[in-house]
Amino acid sequence: MDQLTRPVPGGIGVYIAGVLQGLTTLGLDEGMDLLTSRTALRLGLDRWRGSRLQAHFGYRLQQRLWDHSGHLPRGNWAFYHAFSLGGPRLSMPIPKAVAVYDLLFRTSRETFPTRARDWHERRFEQVLESDSRIVTLAPETVDLLVEAGAAMSRITVIPPGVDHVPPVDTQGTAALLDRLGVTGRYLMVLGTLEPRKNLPRILSAYQQYRATAFDPPPLLIVGPMGWGQEIVPPRGVSLTGKVSAGVVAGLLARAWALIYVPLQEGFGLPVIEAMSSALPVVTSAGIPAARFGGLGVEPTDVDAIASAIARIVEDEPLRSRLVTHGLLAVEGLSWVEAARKHVQLWEELAK
């Protein structure tokens with residue numbers, strides 16, 4: 001679970017924390033050993049009753065050692081599960097499983113730094129060469145994994161939960177909006193700022209919409225900086241930077257709509273987070289999370305994004321339909337169920 005030690009854990013970090021939450025709720029956390037690189041971060045595991053193992057070094061150096069088969073963990077374990085492509089190499093002589101959330105380092109190469117793309121490629125090749133089971137989030141990714149050479153029998157689909165959205169931090173949310181000078185409803189972009197999130201086109205579409213709208217709502221871009229070109233917010237747009245989970249929940253509760261239109265995505269957690277918060281969504285039609293609903297658009301079509309923004313702001317019946325459909329669509333997505341499916345997989349491995 002080394003992704004949790006990263007400065008920006010991202011969607012993978014949310015998934016790991018959600019599964020651990022589900023295991024704790026089920027009372028299945030005892031006897032589990034959680035492995036990370038050395039970290040001083042609080043990982044939100046106060047209720048965890050299993051063991052915590054930390055390697056010798058911080059994540060950058062430790063991952064290099066793991067990449068070269070150094071510092072492999074040794075213990076009397078029944079199986080090993082990697083929640084990302086990171087961590088020790090898959091060379092332990094026990095049954096193994098590894099999570100592969102997407103193949104964006106292949107299908108969206110231009111949105112990855114060269115070194116990161118090459119690292120993901122090497123690690124994925126090791127997965128294909130190993131005898132590990134593969135866990136992924138969406139049926140759409142299964143086809144890509146099979147095309148890449150993974151046998152269908154190795155792949156297990158375990159969708160994420162959505163019940164990790166915490167109670168609203170009312171005071172923190174109000175303080176942030178007051179600092180930004182936002183007094184009414186607003187549009188919202190949520191996620192780590194990086195090229196794959198398609199922010200230049202979203203901003204162009206918003207400016208196009210704003211130029212023709214009467215009293216347009218402002219746009220808040222919520223999330224930490226990942227990598228890529230610096231975003232200079234135009235008129236009507238504010239960057240919040242990284243905020244706490246409680247403030248994110250508060251912003252979702254007060255927003256007019258979520259605008260989440262990435263070029264590609266392994267799943268799209270913000271889409272279902274918004275739906276569970278009764279918030280309508282404009283999203284990329286081709287990402288896995290779009291099957292739960294939302295107003296789908298082609299992410300490279302600025303005119304289409306601008307038109308969708310106008311519709312979701314101005315069409316009250318449309319917003320109501322999207323909210324109702326979204327709430328029903330995500331109703332069964334729980335981390336307890338995701339944890340149960342992981343346990344089923346681990347029982348198969350242990351046998």
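**Exercise 1. Thr5 and its surroundings**

Task: Which residues does Thr5 touch, leaving out those up to four places away in sequence? Is Thr5 buried or exposed?

Solution.
- Step 1. Beyond residues up to four places away in sequence, Thr5 touches Thr36, Ser37, Thr39, Leu41 and Tyr59. The model is predicted.
- Step 2. Place the residue. Thr5 sits in the segment before α1.
- Step 3. Check accessibility. The cut-off for buried is under 20% relative accessible area. Thr5 has 5%, so Thr5 counts as buried.
- Step 4. Look at the side chain. One of its polar atoms lies 2.8 Å from the backbone oxygen of Asp2.

**Exercise 2. The open sheet**

Task: What is the strand order of the open sheet of six strands, and which are its edge strands?

Solution.
- Step 1. Read the order: β9-β8-β7-β10-β11-β12, with parallel pairing.
- Step 2. Find the edges. β9 (237–241) and β12 (295–297) each pair on one side only, which makes them the edge strands.
- Step 3. Add the twist. From one strand to the next it averages 25°.
- Step 4. Zoom in on one pair. β7 (residues 187–190) and β8 (residues 219–222) run parallel and are joined by four bridges. Val189 has Ile221 in β8 as its bridge partner.
- Step 5. Add a helix. α7 (residues 199–212) packs on the sheet and touches β7, β8, β9 and β10 (257–260). The direction of α7 makes about 165° with that of β8.

**Exercise 3. Helix α9**

Task: Which strands does helix α9 lie across, and how many of its residues are buried?

Solution.
- Step 1. Helix α9 (residues 269–276) lies across β7, β10 and β11 (281–284). It runs at about 170° to β10.
- Step 2. Count the buried residues. Seven of the eight residues of α9 are buried, so the helix is largely enclosed by the rest of the structure.
- Step 3. Name them. They are Leu269, Pro270, Val271, Ile272, Glu273, Ala274 and Met275.
- Step 4. Find the cover. It includes α1, β7, α8 (245–254), β10, β11 and α11 (316–329).
- Step 5. Follow the chain onward. Ala278 follows α9 and has a positive phi, near 60°.

**Exercise 4. Two nonpolar cores**

Task: Which residues have the most contacts inside the largest nonpolar core, and which helix gives it the largest share?

Solution.
- Step 1. The largest nonpolar core has 58 residues, and Met188 and Leu251 have the most contacts inside it.
- Step 2. Helix α12 (residues 335–350) supplies the largest share of this core, seven residues.
- Step 3. List the contacts of Met188, not counting residues up to four places away in sequence. Met188 touches Leu219, Leu220, Val222, Val248, Leu251, Leu252, Ala255, Ala257, Leu258 and Ile259.
- Step 4. Separate the other core. Another core, of 29 residues, lies apart from the largest one, and among its members are Val237, Val282, Leu318 and Leu322.

**Exercise 5. From Leu349 to strand β4**

Task: What separation do the C-alpha atoms of Leu349 and Pro95 have, and which residues is Leu349 in contact with?

Solution.
- Step 1. Place Leu349: it belongs to helix α12. At 11% relative accessibility, Leu349 counts as buried.
- Step 2. Compare sequence and space. Leu349 and Pro95 are 254 residues apart along the chain, yet their C-alpha atoms are separated by 5.6 Å.
- Step 3. Leave aside neighbours within four places in sequence. Leu349 is then in contact with Phe79, Pro95, Lys96, Ala97 and Arg133.
- Step 4. Follow Lys96 and Ala97 into strand β4 (residues 96–99). Lys96 and Val98 point one way, Ala97 and Ala99 the other way, and all are buried.
- Step 5. Find the partners of β4. Three bridges join it in parallel to β3 (residues 80–82), and three join it in parallel to β5 (residues 133–136).
- Step 6. Name the matched residues. Tyr80 stands opposite Lys96. Ala99 has Val135 in β5 as its bridge partner.

**Exercise 6. An aromatic pair**

Task: Why is the pair of Tyr15 and Trp335 edge-to-face?

Solution.
- Step 1. The structure holds six aromatic pairs.
- Step 2. The ring centres of Tyr15 and Trp335 are 5.4 Å apart and the planes lie at 80°, so the pair is edge-to-face. The cut-off for that class is over 60 degrees.
- Step 3. Place the partners. Tyr15 is in helix α1 (residues 10–26) and Trp335 in helix α12, 320 residues apart.
- Step 4. Check burial. Tyr15 is buried at 1% relative accessible area, and Trp335 is buried at 0%.
- Step 5. Widen the view. Ring pairs link Tyr15, Tyr101 and Trp335 into a cluster.

Key: Residues numbered from 1 in each chain as written. Predicted model: local features only at pLDDT ≥ 70, side-chain atom pairs only at ≥ 80, totals over all residues. Heavy atoms only, no water. Pairing = 2+ DSSP bridges. Helix = DSSP H or I, 4+ residues; strand = E, 2+ residues; numbered from the N terminus. Axes fitted to C-alpha atoms, helices over the stretch in contact; angles between N-to-C directions. Contact = heavy atoms within 4.5 Å. Core = buried A, V, L, I, M, F, W, Y, C linked by side-chain atoms within 4.5 Å. Buried < 20%, exposed > 50% of the residue type's maximum accessible area, 1.4 Å probe, protein only. Phe/Tyr/Trp six-rings, centres within 6.5 Å; stacked < 30°, edge-to-face > 60°. Polar contact = N/O pair within 3.5 Å; in protein donor to acceptor, adjacent residues only side chain to side chain.
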